[in-house]
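Colleague: I'm new to this structure and would love a close look at one part of it. Could you take me through chain B and what surrounds it?

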Amino acid sequence: MTPAGWFHLERLPTAAATLFFGALIVVFVLLARRGRPLYIRRIAGLEAVDEAVGRATEMGRPILYSAGLDPLEEVATVASINILGQVARRAGEYETRLIMPNRDPIVMTVAQEVVREAYAAVGRPDLYDPHDIYYTTQSQFGYAAAVCGTMMRERPATNFFIGHFYAESLVLAETGNATGAIQIAGTDSDSQLPFFICACDYTLIGEELYAGSVYLSREPLLLGALKGQDLAKAILLALLAAGTLLAFLGVDVRPWLGR
Amino acid sequence: MAEELGILVGALLTLAIFSLLYRDNPFYRAAEHLLVGVSAGYYVVHYFYAAVIRKFTVPVFQQGEWWLLPGGLLGLLIFFRLRPRTAWLSRYAIAFYVAAWSGYLIPSVLQERVLTQIAGTIPDPAAAAPWALAMSLLVLVGVASILVYFYFSAAHTGALGRISRVGILFLMAGFGASFGYTVMGRVSLLIGRFQYLFEDLPRALGRL
Amino acid sequence: MPAPLAAGRPPRRAGRLAALGRVDRRWIFLLVGASVALPLLRPLHLPIGTSREARAYHAEVERLQPGDEMIFSFDYEPDTMAELDPMSLATLRHAFSRGVRVIALTNYAGGPGIALRILGQAASEHERQYGRDYVFLGYNPDYSATMLRMGESIRSTFPTDHFGTPSAELPLLREVDRYADIELLVTVTASALAEYWVIWAGGRFGQRIVAGNTAIQAVLIYPYYQTGQLAGFLGGLKGAAEYERLIGRDGAGVRGMDAQSVAHLLIVCFIVLGNIGYFAQRRSARAAGDAARDGEA
Amino acid sequence: MKRTGPVLLGFVIGMLMLVQHFTPDRWIAERYNNILDWKQVVFGLTLILGVVSLFLYHWRRIARREEGWRYSLLTVGGLAFMIGAAILFTPSRGPYPWMFEHVQAPMQSTLFALLAFYVASASYRAFRARNLHAALLLSAGVIVMLGRVPLGEAIGLNHISTWILDYPNLAAKRGVMIGVGLGMTATAIKIILGIERTYLGRGA
């Protein structure tokens with residue numbers, strides 16, 4: 001049997017990329033699991049967390065945290081929960097109240113757990129109040145209205161909007177702006193990012209959100225995958241450079257990249 | 001008659017939703033809850049027809065395609081989710097679904113979203129026009145500097161820091177375009193509703 | 001995105017410009033309503049230019065010969081009808097007027113109601129016959145599996161049409177059964193489905209594709225157009241208006257363009273005014289800070 | 001059985017779908033088609049489960065007379081009416097399509113039209129050029145907004161907006177697209193190999 005009989009020869013570049021990238025991810029996940037120290041740079045946006053929590057403490061007002069609309073299975077929600085842990089630790093240290101309205105009951109349960117553990121970790125389990133992390137409603141705009149209502153009543157000094165957001169993003173950011181809160185946002189939703197960037201003081205953009213969560217949690221699975229992707233990006237950059245150079249020498253490498 | 005009456009009902013419900021702009025009120029809330037129920041009812045009928053009747057009972061029992069049976073049984077496992085004690089059974093259905101999707105996603109996404117995009121960024125050696133070449137170099141610089149911006153394995157200092165600062169400028173221009181288009185989309189949806197109220201409604205009232 | 005926090009947050013000092021910022025938003029709502037309503041009631045008839053992407057989309061449909069087949073996917077729900085219905089209607093009018101045969105479907109459960117209305121209108125205008133000139137396959141769950149499966153067999157993917165007639169009994173589907181038999185695929189969508197048609201139908205099966213998109217999605221698909229993975233596209237209501245002009249038959253897209261222009265101008269004014277207030281406030285806050293420091297010295 | 005079983009099933013199915021991309025082998029192609037068909041059935045049933053959960057949620061609210069339970073009556077009523085109408089009159093005529101056309105469609109589209117008002121008010125009250133990046137974003141946004149409508153075309157802004165969309169925007173979207181593409185692929189690889197299990201729910 002000829003190779004063409006059992007293999008699509010024209011898909012060779014895709015096959016090579018799949019094998020190579022797959023190996024990259026597996027190797028780095030294994031390394032991370034074995035505890036090999038893998039470097040990730042500090043994510044600038046996270047430095048603002050301490051400052052923002054400190055400001056709420058000074059003003060004697062609470063912090064508001066929203067993890068977006070998506071269920072727990074989504075990457076952005078998982079990332080948000082990781083960052084929530086960090087925010088809650090700071091809030092515990094500074095004895096600042098943390099309020100979190102939820103759209104998904106499962107996300108709510110997990111968030112309660114995370115906040116309780118964070119308070120306990122900094123020696124302030126007494127601060128934890130499950131009523132501050134509550135369920136609102138499934139409805140998209142119903143949720144937005146509930147969060148806005150909380151902002152108007154409680155006047156939080158700092159708002160965190162971290163997770164996957166949809167069209168309600170600008171309603172939240174605008175209300176927060178009107179109450180004079182510092183706002184820190186982070187989302188992987190491309191169409192909502194512009195609104196957060198213009199209406200919030202600090203915004204984690206797309207992959208920065210994931211990287212930020214990995215930076216904080218050091219979860220080996222996420223860490224390994226992030227490193228694998230990083231190396232892939234470096235290789236793609238090299239490919240771009242080499243391809244461009246060859247193009248100027250009159251060699252067209254584009255057909256080698258498949259399709 | 002039913003058509004004209006329908007447009008009148010639609011217009012009243014449109015106004016009930018718009019009333020939220022003044023303030024949250026019972027009309028809005030009632031309309032919103034009605035919408036959730038009616039649309040769920042509409043969807044479930046289509047889901048049932050599409051998934052159960054057309055993709056299952058018709059082919060299996062009328063056209064004799066018995067090999068569809070395992071899919072149906074696997075799908076039914078999903079309903080064990082409703083009870084916490086049996087929820088683990090539904091994992092088989094979810095694992096099947098998610099893994100199948102993952103399997104065919106890998107090569108296609110690597111090719112179409114990564115390799116083909118890289119190929120499209122490398123300048124065409126045959127292109128002679130200086131403007132076209134300059135612009136393809138601009139795109140090259142943009143794509144490369146954004147890849148550097150989202151590279152997390154090295155501190156963004158020195159040359160890397162400078163390149164990533166170029167990347168963020170491209171990102172912002174792109175987000176600006178998204179901003180403009182998003183505003184455009186929202187305005188169009190409002191235009192649609194006003195066309196309904198100003199064009200369709202008077203026409204229907206005239207016929208009543 | 002590094003930015004000093006302090007710069008974003010001036011102490012709140014009441015100035016005349018700052019008072020502008022506290023205006024009740026319901027006044028803003030009223031102005032927006034007026035900016036859309038008035039041009040609809042009294043049109044300005046501003047001239048409408050066409051973009052290169054829209055001309056490419058038009059050329060793809062124009063290229064088809066009588067008897068050629070097109071797949072048309074209504075990939076949206078009622079929430080974005082305002083932007084997308086005009087595109088769907090114009091495309092089907094164009095296709096039917098050229099004698100192109102249409103295989104329609106939808107990847108959203110909210111789609112059949114929309115598809116039936118628009119197909120019905122376009123088909124009756126051009127006296128097309130169901131089953132011979134066009135078919136409606138209805139909604140199938142799981143878009144990616146649908147897109148991939150259609151490359152192997154449309155009849156297996158849709159054992160019956162939307163109305164329950166076995167697909168094998170529809171004359172049009174007896175002649176064509178996979179992408180290889182189809183000249184052009186059109187998706188009109190409010191989600192990332194244009195991208196997925198490109199990935200599954202385009203990438204794997206080499207199907208030629210054009211897309212009608214909501215404005216929000218259109219901005220994301222420029223990379224696919226540049227590489228040729230997408231042969232043309234329409235973006236938002238403006239895209240619909242351009243296409244209506246290209247086929248010489250004005251519709252809701254063209255009628256909405258004046259309102260679109262005026263509303264955009266109003267929103268730009270809001271952004272500019274809001275920022276003038278913001279910078280004035282920031283400057284007065286800085287001046288107050290300087291004065292306080294002078295006092296201490 | 002509770003953990004390993006699903007992961008093992010996922011590995012076999014995922015690998016088959018992956019390998020299939022590269023081989024014209026008939027046997028694999030037929031299994032691939034089977035799996036695609038099953039997947040649609042499974043997905044359709046998952047959607048039905050979603051509606052069942054929604055019903056149960058509102059039903060509980062009514063049964064326990066929770067705050068706002070009367071609104072939940074409307075939801076459950078609307079749901080029951082639509083299903084009843086489809087059974088009694090078939091989905092293609094009578095009250096079922098009528099409700100879609102005149103109740104669901106107008107409300108769904110109006111809900112999103114509200115955003116035109118919100119975006120305008122946020123433009124005035126919240127969208128600030130608070131730093132260089134936001135300033136660049138807003139300027140590009142304003143040019144595109146005006147350049148894509150007849151008013152801006154009349155003053156030649158369409159040329160600048162087309163340039164922004166064709167080059168800087170293209171580069172930005174592509175840069176993000178490549179990164180996200182790698183991320184999606186990495187997740188998919190981890191799922192097939194069973195190292196990523198969060199999607200199976202807690203305790204998996």
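**Chain B and its surroundings**

Modeller: Happy to! Let's start where chain A meets chain B: 45 residues of chain A and 39 residues of chain B make up the contact. Please keep in mind that this is a predicted model. Together, chain A and chain B bury about 3,700 Å², and carbon and sulfur atoms account for 72% of that area. On the chain A side, three residues stand out: A:R41, A:L240 and A:R254 supply 18% of the area that chain A buries against chain B, more than any other three residues.

One of those three, A:R254, also has a charged partner. Its side chain meets that of B:D124 in a salt bridge, with N and O 2.9 Å apart. The interface of chain A and chain B has one salt bridge, along with 12 residue pairs in polar contact, both residues being at pLDDT 80 or more. If you would like to trace the helices on the chain A side, α2 (12–33), α6 (140–154), α8 (193–199), α9 (207–217) and α10 (220–248) of chain A are the elements that each give two or more residues. The largest share comes from α10(A), with 13 residues. By type, the side of chain A that touches chain B divides into 26 nonpolar, nine polar and 10 charged residues.

Now turn to chain D. Its contact with chain B takes 106 residues from chain D and 108 residues from chain B. The area buried between chain D and chain B is about 10,000 Å², with 80% of it from carbon and sulfur atoms. Here, too, the count is one salt bridge: D:D37 pairs with B:K55, and their closest N and O atoms are 3.5 Å apart. Chain D and chain B also have 17 residue pairs in polar contact, both residues at pLDDT 80 or more.

Many helices of chain D take part. At least two residues each come from α1 (4–20), α2 (26–63), α3 (69–89), α4 (95–125), α5 (132–147), α7 (157–166) and α8 (168–192) of chain D. Of the elements on this side, α2(D) gives the most, with 22 residues. The side of chain D that touches chain B is made up of 73 nonpolar, 25 polar and eight charged residues.

For a single residue to follow, try D:V176, which sits in helix α8 of chain D. Across the interface, D:V176 touches B:I146, B:F150 and B:L171. Within its own chain, D:V176 is 24 residues from D:L200 in sequence and 28 Å from it in space, C-alpha to C-alpha.

Finally, chain B helps to line the second largest pocket, whose volume is about 1,200 Å³. This pocket has 47 lining residues, and the closest to its centre are B:D200, C:D85, C:R117, C:Q121 and D:E101. Two or more residues of the lining come from each of α1 (2–18), α2 (26–62) and α6 (158–207) of chain B, from α4 (81–97), α5 (111–125), α12 (236–246) and α13 (252–296) of chain C, and from α4 of chain D. Among these elements α6(B) gives the most, with 11 residues. The lining divides into 22 nonpolar, 11 polar and 14 charged residues.

Key:
Residues are numbered from 1 along each chain as its sequence is written. Chains are lettered from A and ligands numbered from 1 in the order in which they are written. This is a predicted model: local features need pLDDT of at least 70, side-chain atom pairs count only at pLDDT 80 or more; totals for chains, interfaces and linings use all residues. Side-chain values use heavy atoms; hydrogens and water are left out. Contact means heavy atoms within 4.5 Å. Buried area is the accessible area (1.4 Å probe) that two parts lose on being put together, summed over both. A salt bridge is a side-chain nitrogen of Lys or Arg within 4 Å of a carboxyl oxygen of Asp or Glu. A polar contact is a pair of N or O atoms within 3.5 Å; within protein, one must be able to donate a hydrogen and the other to accept it, and residues adjacent in sequence count only if both atoms are side-chain atoms. Helices (H or I, at least four residues) and strands (E, at least two) are DSSP runs, numbered from the N terminus. Ala, Val, Leu, Ile, Met, Phe, Trp, Tyr, Cys and Pro count as nonpolar, Asp, Glu, Lys and Arg as charged, and the others, Gly among them, as polar. On a 1 Å grid over the protein atoms alone, a cavity is a set of points where a 1.4 Å probe fits but cannot get out, and a pocket is an open set with protein on both sides within 12 Å along at least five of seven lines; lining residues have an atom within 4 Å of a point. Grid points are joined across faces, edges and corners, and a volume is the space filled by probe spheres set on the points. Lists of a residue's contacts leave out its neighbours within four places in sequence.
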